[in-house]
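Visitor: I'd like to know how the labels on this model get decided. Can you take me through a few?

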Amino acid sequence: MLERLFELLFKYRPVVFERGEFAFAPPWPAVVVLVLAIAVAVPAVLLYRRTGGRLDRRDRIVLSMLRVTAVGILGFCLLRPMLIVATVVPQENFLGILVDDSRSMQITDGGDASRAERVLEAFGSPTSPLVSALAERFKLRFFRFSETARRLNDSTELDFSGRRTDLGRALDMARRELGGVPLAGLIVVTDGAENGASGETAQSILQLQSDGVPVYTVGVGDRRYARDIALRRASAPGRVLAGSAIAVDVELTQSGYGGTDVELVVEDAGRILTTTPVDLPRDGDVTTARVHFTVDEPGPRSLRFRIDPRDGEAVTANNELAALIVVEDRRPRILYFEGEPRFEVKFLRRAVQDDEHVRVVVLQRTADEKFYAIDVDDEDDLVEGFPTTREELFRYDGLVLGTVEASFFTHDQLRMLADFVGRRGGGLLALGGRRSFAEGGYAGTPLADALPVVLERRPIEGDSFFAPVRIRPTAFGATHPVTQLGTADDALEDRWRSLPALSAVNRIRELKPGASALLEATGDGFDDPVPALAYHRYGRGRAAVLAVQDTWLWQMHADIPLEDQTHETLWRQLLRWLVEDVPNHVTATADVDLVESGTPVTITAEVSDSGYIRVNGADVDARIVAPDGSESSVPLEWSVQRDGEYRATIVPNQDGRYEVHVDAAQSGAPLGADVMYVESGDLGSEFRNAELQQDALERIAEETGGRYYDLGSVETLPEDVSFTESGTTVREERDLWDMPILLIALLAFLAAEWTYRRQRGLA
């Protein structure tokens with residue numbers, strides 16, 4: 001509507017002004033026009049000056065300005081203003097038309113017809129008004145695109161069944177195919193919901209800018225559905241130990257169902273693992289629902305998260321999504337070093353003794369230079385006490401450090417403890433005790449750098465600290481898998497509140513930046529709650545502190561029933577979480593483990609030697625087992641960007657699960673191996689974020705010199721594409737002196753002058 005009003009007033013549509021160059025072509029020399037304008041304006045001004053006392057100074061100024069402005073408009077017209085516009089030579093230029101052939105075009109929004117039907121109505125027939133108008137000016141070449149792009153000979157070839165939309169690849173293919181002909185531009189008809197994996201869009205736009213090829217984008221669909229629920233993303237751990245508590249964050253959004261309660265269902269191979277109630281947010285807002293469950297069966301598990309469709313939903317295919325979790329049947333080893341006899345050792349071992357997926361090796365100092373090792377692999381293990389070499393310590397996946405003073409360790413051992421977390425990637429848990437943390441002299445040591453809490457100065461001798469404390473989860477900790485005690489979510493807080501008080505003998509009040517507290521302690525010894533269980537990422541690993549000294553009371557206190565499993569559950573979950581993602585000498589990952597068929601996947605392997613020093617000169621190969629059992633091998637090359645990092649790209653073309661076995665060797669000696677999984681298939685990617693991405697399409701058009709349209713305004717496209725510098729063009733002159741706005745302005749100023757004069761008694 002505004003564009004039509006603009007054309008009515010200014011004679012041409014805005015695109016002509018955008019593309020044209022302003023110029024003057026007066027029939028007489030400009031000096032002559034200027035002299036004529038002055039000759040007309042000056043007498044009028046002098047006339048007002050001779051009116052004497054009938055007009056004051058303000059009146060003379062107003063009337064003079066009105067007369068001068070009117071004369072100026074006439075002078076402007078006499079200068080013959082014009083726009084010089086480059087236009088295409090009819091039938092000597094090519095125009096590429098790219099039509100989105102993906103499944104999101106099957107969505108019905110904005111009316112009774114689907115997006116595909118509306119596109120076919122506008123672009124699907126050579127006799128349609130739009131295509132006919134384009135064909136009068138250009139030689140048309142049609143393309144269809146989804147995950148791939150190819151020529152389109154007839155609209156019947158469009159089936160709108162593509163699983164992905166890769167706009168960057170489509171633009172690049174069309175540019176290359178039409179690179180040898182005069183190309184006026186490209187028209188892209190799409191909803192803009194790009195989900196391709198190639199990431200070529202930005203590069204394609206830069207190339208089109210360089211070639212001077214404008215892109216005209218035609219948006220299809222609604223920017224927001226009237227009624228829809230969509231699951232956006234599931235943040236799940238890649239690997240967990242069998243039987244571990246798992247917490248997965250599921251992002252979802254909705255339109256038209258705000259405040260509605262729905263059930264988020266988690267399934268494993270058709271078996272429901274859990275259901276979680278979710279209160280839907282306001283329209284357009286994104287909320288995160290955390291679900292807790294366990295998976296016992298080892299192996300790769302493709303978990304399904306879904307919300308049952310509601311009445312009136314625009315799209316139901318986005319009500320579910322999947323996540324691939326590898327459930328590992330292994331038993332990580334954790335070294336628990338305790339500096340003095342105490343009950344914590346006995347009850348911690350008892351809590352995990354029946355756990356098939358955690359093994360705790362205990363090293364107990366019984367006296368100076370005397371140690372007692374429990375559950376070691378060999379009778380010679382740890383006979384000399386705590387490990388003195390990195391190779392010996394790094395054989396463990398986790399380390400629990402009890403109450404032992406810092407002076408027990410050499411400086412190299414303290415550095416080794418920090419390296420166990422930062423370089424090896426192990427899990428470290430430091431327990432509270434009278435010889436722990438600052439009270440044990442650790443402030444200022446390399447180990448203090450690795451801990452998630454700030455260690456205060458060492459207390460003065462004899463300045464002891466003791467405080468009975470109550471433990472409760474923090475807001476973040478209440479949703480963490482470690483703190484789930486096997487009770488329903490609504491009863492979890494009551495369960496923690498009912499546990500007996502423990503005792504703290506360490507002054508820990510402050511977390512380091514980036515650290516998170518899962519449990520906090522309250523008591524008479526603290527003005528505010530202080531961290532009780534906190535952790536952070538340190539280098540490749542995870543470091544945590546449990547700043548109490550007697551969790552065994554949760555097993556033996558008189559208020560705890562004999563059959564209560566709180567103590568066992570907490571320690572099993574805590575130790576499993578501590579070591580669940582500890583890397584091996586070879587650790588293989590994929591940039592994405594659930595993909596649509598045909599999507600490239602980058603495999604990355606991190607390779608270390610026995611001391612977990614990154615190795616750059618290794619021979620790394622991936623053996624890939626396809627869903628049909630066929631095998632292939634791909635070498636991984638050093639990435640150069642990081643030490644010990646090797647990469648390769650594979651393209652899963654079959655639907656199903658791929659096994660990727662990565663082996664590394666150096667000078668013929670094996671360094672290690674790992675296995676990972678990639679699942680390929682129909683993920684419904686086309687229906688996620690399938691609303692019209694108008695901002696993205698407008699940006700593409702603006703950056704390449706094109707324009708954005710919707711199907712309601714596309715009738716002006718043929719004329720707009722004609723105004724271009726690309727292809728074979730001629731330059732046209734478009735007169736501006738006869739624009740209606742100039743006549744309207746001239747009459748308006750003359751009328752204003754006459755009206756003013758009449759009011760002052762001069763007319």
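Guide: Sure. This is a predicted model, and one cut-off to start with: buried means under 20% relative accessible area.

Visitor: What makes Arg542 buried or exposed, then?

Guide: Arg542 has a relative accessible area of 8%, and buried means under 20%, so Arg542 counts as buried.

Visitor: Why is the contact of Asp581 and Arg542 called a salt bridge?

Guide: Their side chains meet at 3.5 Å, N to O, and the limit is within 4 Å. So the pair qualifies as a salt bridge. Asp581 sits in the loop between α15 and β26, while Arg542 belongs to strand β25, 39 residues apart. With 37% relative accessible area, Asp581 is partly exposed.

Visitor: What does the salt bridge of Arg435 and Glu340 tie together?

Guide: Those side chains meet at 2.7 Å, N to O. Arg435 is in the loop between β20 and α12 and Glu340 in the loop between β16 and α9, so the pair ties together parts that are 95 residues apart in sequence. Glu340, at 14%, counts as buried, whereas Arg435, at 25%, is partly exposed.

Visitor: Why is α9 called roughly perpendicular to α15?

Guide: The two helices pack at an angle of about 80°, and 65 to 115 degrees counts as roughly perpendicular, so the label fits. Among the contact residues are Phe347 of α9 and Trp571 of α15.

Visitor: How do you know that strand β2 is largely enclosed?

Guide: Seven of its eight residues are buried, so the rest of the structure largely encloses β2. Strand β2 runs antiparallel to β1, with four bridges, and to β35, with seven.

Terms used:
Residues are numbered from 1 along each chain as its sequence is written. This is a predicted model: local features need pLDDT of at least 70, side-chain atom pairs count only at pLDDT 80 or more; totals for chains, interfaces and linings use all residues. Side-chain values use heavy atoms; hydrogens and water are left out. Axes are lines fitted to C-alpha atoms, for helices over the stretch in contact, and angles run from 0 to 180 degrees between N-to-C directions. Angles under 35 degrees count as roughly parallel, over 145 as roughly antiparallel, 65 to 115 as roughly perpendicular and the rest as oblique. Contact means heavy atoms within 4.5 Å. Buried means under 20% relative accessible area, exposed over 50%, partly exposed in between (1.4 Å probe, protein chains only). Two strands pair if DSSP finds at least two bridges between them.
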